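Ready to find your way around a new protein model? Work through the exercises below with the structure open beside you.

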Amino acid sequence: LRWLAWGMVLASLALALFALVSVQWVTSSKLPFIPAGLYAHLPTLVIDTANPNVMAGSLAILLPVIAALVLFGWGKLRQLEMVILALFAVVVSIVLVLTQSRGGFMGLGMALVTLVVLRWRRGWLLVVGMLGVLAALAIGLGAGSLLNYALASTTLGGVEGRVEVWSRAVYMIQDFPFTGVGLGNFGRVADLLYPFFQYTPGTMEHSHNLFLQIAVDLGLPGLITWLAIWGLHSALSWQIYHQGQRSGDAWMAGLGAGLFASQLALIVHGQVDAVVQ
């Protein structure tokens with residue numbers, strides 16, 4: 001079990017380090033504390049670069065496993081193990097912040113809140129506090145403005161842009177419910193049958209929603225199959241977590257909780273993007 005957990009931890013670190021030389025970093029900064037000139041010092045060493053949101057979606061799924069091992073292993077694992085895990089978590093977190101992906105941040109936030117709830121009995125108080133903060137922001141800024149800020153991206157622009165893209169995905173599902181349009185054909189079919197008003201042909205490659213994209217690619221039977229696999233994985237992760245809690249095995253409890261939280265991060269991130277299928 002330890003080898004399995006360490007394998008996932010090392011894979012997370014390797015992906016984060018690879019991101020530094022493989023992501024097509026944005027030139028503008030959405031976060032004021034990140035200097036825009038910082039990205040000029042990150043060399044691109046590959047031809048087929050990755051979008052920052054794609055990398056963020058992957059890191060947001062892997063990082064909860066490391067965070068869970070730190071939270072559940074605190075005071076139970078060896079000091080060297082804790083130092084290494086904490087260091088790896090910091091490195092992966094920094095790279096995730098550099099992506100400036102709001103979807104990645106939301107997915108990771110959901111995962112971390114879940115881990116706190118699973119780790120401490122009064123962790124649900126954090127959920128109450130966060131809901132209060134969100135309610136205050138919605139009242140102060142306006143629900144529409146807050147939603148538009150959360151959904152805005154350099155590709156789509158905001159809520160209206162997403163609604164248009166999502167509507168094209170719905171049209172495809174209605175017209176091709178059993179077979180879908182095939183993997184990677186969203187943009188081609190949309191430009192041919194359901195032209196966009198806000199986007200030029202050839203610029204929209206997917207539906208920016210995980211569930212819609214799976215149904216578009218594989219049809220409703222494919223979506224049902226995917227949901228069944230996701231549900232099975234989540235249920236097994238929950239069982240691993242409970243078994244670790246009952247037996248007092250910090251590695252097992254942390255691994256199970258991390259895997260379960262990562263599935264929630266996948267779902268949350270999947271509401272605004274479709275990078276992990």
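Let's begin with the cover over one helix: the buried residues of α1 are covered by elements that include α2, α3 and α10. This is a predicted model, in which local features need pLDDT of at least 70 and side-chain atom pairs count only at pLDDT 80 or more, while totals for chains, interfaces and linings use all residues. Residues are numbered from 1 along each chain as its sequence is written, and side-chain values use heavy atoms, with hydrogens and water left out.

**Exercise 1. Find the buried residues of α1, then check the span of the helix.**

Step 1. Get the terms straight: helices are DSSP runs of H or I with at least four residues, numbered from the N terminus. Buried means under 20% relative accessible area, exposed means over 50%, and partly exposed is in between (1.4 Å probe, protein chains only).

Step 2. Pick out the buried residues of α1: A5, W6, V9, S12, L13, A16, A19 and S22.

Step 3. Now the span. The expected value is 1.5 Å times one less than the number of residues. α1 has 21 residues and should therefore span 30 Å, which agrees with the 30 Å between its end C-alpha atoms.

**Exercise 2. Do the same for α3, and follow the chain just past its end.**

Step 1. α3 covers residues 79-99, and its 21 residues reach 31 Å from first C-alpha to last, close to the expected 30 Å.

Step 2. Its buried residues are E81, M82, L85, F88, A89, V92, V95, L96, L98 and T99. They pack against α1 (2-22), α2 (52-73), α4 and α10; contact here means heavy atoms within 4.5 Å.

Step 3. Look at S93, also in helix α3. With a relative accessible area of 27%, S93 is partly exposed. S93 and L59 sit 34 residues apart in sequence, yet 8.3 Å apart in space, C-alpha to C-alpha.

Step 4. Step off the helix to Q100, in the loop between α3 and α4. Q100 isn't a glycine, but has a positive phi of about 55°. Its relative accessibility is 1%, so Q100 counts as buried.

**Exercise 3. Describe how α4 packs on α10.**

Step 1. Start with the geometry: α4 (residues 102-119) and α10 (residues 250-270) pack at about 145°, with axes 8 Å apart. Axes are lines fitted to C-alpha atoms, for helices over the stretch in contact, and angles run from 0 to 180 degrees between N-to-C directions.

Step 2. List who meets whom. On the α4 side you'll find, among them, G103, G104, M106 and G107, and on the α10 side, residues including A257, G258, F260 and A261.

Step 3. Sort the contact by class: 12 nonpolar, six polar and no charged residues. Nonpolar covers Ala, Val, Leu, Ile, Met, Phe, Trp, Tyr, Cys and Pro; charged covers Asp, Glu, Lys and Arg; the others, Gly among them, are polar.

**Exercise 4. Work out how α7 and α8 are oriented, then find a buried loop residue further on.**

Step 1. The axes of α7 (residues 159-175) and α8 (residues 186-193) come within 11 Å and cross at roughly 90°. That makes α7 and α8 roughly perpendicular (65 to 115 degrees).

Step 2. V165, R168, A169 and M172 in α7 meet F186, V189 and A190 in α8. By class, that's six nonpolar, no polar and one charged.

Step 3. Move on to H208, in the loop between α8 and α9 (210-247). H208 is not a glycine, yet has a positive phi of about 60°. At 9% relative accessibility, H208 counts as buried.

Conventions
Helix = DSSP H or I, 4+ residues; strand = E, 2+ residues; numbered from the N terminus. Parallel < 35°, antiparallel > 145°, perpendicular 65-115°, else oblique.
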